[in-house]
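Trainee: Before I use any of these labels in my own work, I would like to go through them one at a time and hear the reasoning behind each.
Mentor: Then let us open the model and set each value against its cut-off.

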Amino acid sequence: MPKLVRLYIRQSLIGFALSALFVGLLFAFNVANLWHLVSHSPSGWLAGVLLFMFNGIVFSGVQFGIAVMSMGRDNDDDHGRRRPYVAPRMAEALAPIPVRADEPRMRRR
């Protein structure tokens, strides 16, 4: 199996484990009376499953994004300093032009 697929599956499993922990803590602390709503409603199990699934999708996406972004290599020689690039001909075009203002205009309301 390719390394990227293994990475995605691992991060998705971590995200869904975090989702299970998160939903479990929501139910344990009875935030917004969720445990009562889920346990006393005939279709409350569906709400619990959907809460777990949707949070799992979000958490696994974030987990995979963090893993991918942390894989980058630092090949810059300038150690993080950025200099804006200005094309040689653009330097002349970016010179400030003086504008004369005779009298202030009245603002419309």
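Trainee: Why is F27 called buried?
Mentor: Keeping in mind that this is a predicted model, F27 has a relative accessible area of 16%, and because buried means under 20%, the label follows. F27 is also one of the buried residues of α1, among them L7, Q11 and S12, and what covers the buried residues of that helix includes α2 and α3.

Trainee: What makes the pair of F27 and W35 tilted?
Mentor: The structure holds 4 aromatic pairs. In the pair formed by F27 and W35, the ring centres are 5.7 Å apart and the planes stand at 55°. Rings pair if their centres lie within 6.5 Å, and since planes under 30 degrees apart would be stacked and over 60 edge-to-face, the angle leaves the word tilted. The two partners carry separate labels for accessibility: F27 is buried, whereas W35, at 45% relative accessibility, counts as partly exposed.

Trainee: How do you know that the span of α1 agrees with what is expected for its number of residues?
Mentor: Helix α1 has 26 residues, which at 1.5 Å a residue should span 38 Å, and its end C-alpha atoms are 37 Å apart, so the two values agree. The expected span is 1.5 Å times one less than the number of residues. Helix α3, residues 44–69, also has 26 residues and reaches 37 Å from its first C-alpha to its last, close to the 38 Å expected. Just after α1, N30 takes a positive phi of about 55°.

Trainee: Why does N55 count as buried or exposed, and which residues is it in contact with?
Mentor: N55 lies in helix α3, and its relative accessibility is 16%; as the cut-off for buried is under 20%, N55 counts as buried. Leaving aside neighbours within four places in sequence, N55 is in contact with S19, F22 and V23. The buried residues of α3, which include G48, N55 and G56, pack against α1 (3–28) and α2 (34–40).

Trainee: What makes M53 partly exposed, and which patch is it part of?
Mentor: M53 is found in helix α3, and its relative accessibility of 35% makes it partly exposed, because that label covers values between 20% and 50%. Together with W45, L46, V49, L50, F54 and I57, M53 forms a nonpolar patch on the surface, with about 690 Å² of accessible area. Patch members need over 30% relative accessible area, and the 35% of M53 satisfies that, so its place in the patch is consistent with its label.

Trainee: How do you know that D102 and R100 form a salt bridge?
Mentor: Their closest N and O atoms are 2.9 Å apart, and because the limit is 4 Å, the pair qualifies. By this rule the count comes to 1 salt bridge. D102, at 62% relative accessibility, counts as exposed, and so does R100 at 70%, the cut-off for exposed being over 50%.

Trainee: What does the chain as a whole look like in these terms?
Mentor: Its secondary structure comes to 4 helices and 0 strands, and 14% of its 109 residues count as buried. Among contacts between residues at least 6 apart in sequence, 73% join residues at least 24 apart. The accessible surface comes to about 10,100 Å², of which 64% belongs to carbon and sulfur atoms.

Methods. Residues numbered from 1 in each chain as written. Predicted model: local features only at pLDDT ≥ 70, side-chain atom pairs only at ≥ 80, totals over all residues. Heavy atoms only, no water. Helix = DSSP H or I, 4+ residues; strand = E, 2+ residues; numbered from the N terminus. Buried < 20%, exposed > 50% of the residue type's maximum accessible area, 1.4 Å probe, protein only. Contact = heavy atoms within 4.5 Å. Areas by Shrake-Rupley, 256 points an atom, 1.4 Å probe, with all protein chains shown as cover. Salt bridge = Lys/Arg side-chain N within 4 Å of Asp/Glu carboxyl O. Phe/Tyr/Trp six-rings, centres within 6.5 Å; stacked < 30°, edge-to-face > 60°. Patch = residues over 30% accessible without salt bridge, like charges linked within 9 Å, V, L, I, M, F, W, Y side chains within 5 Å.
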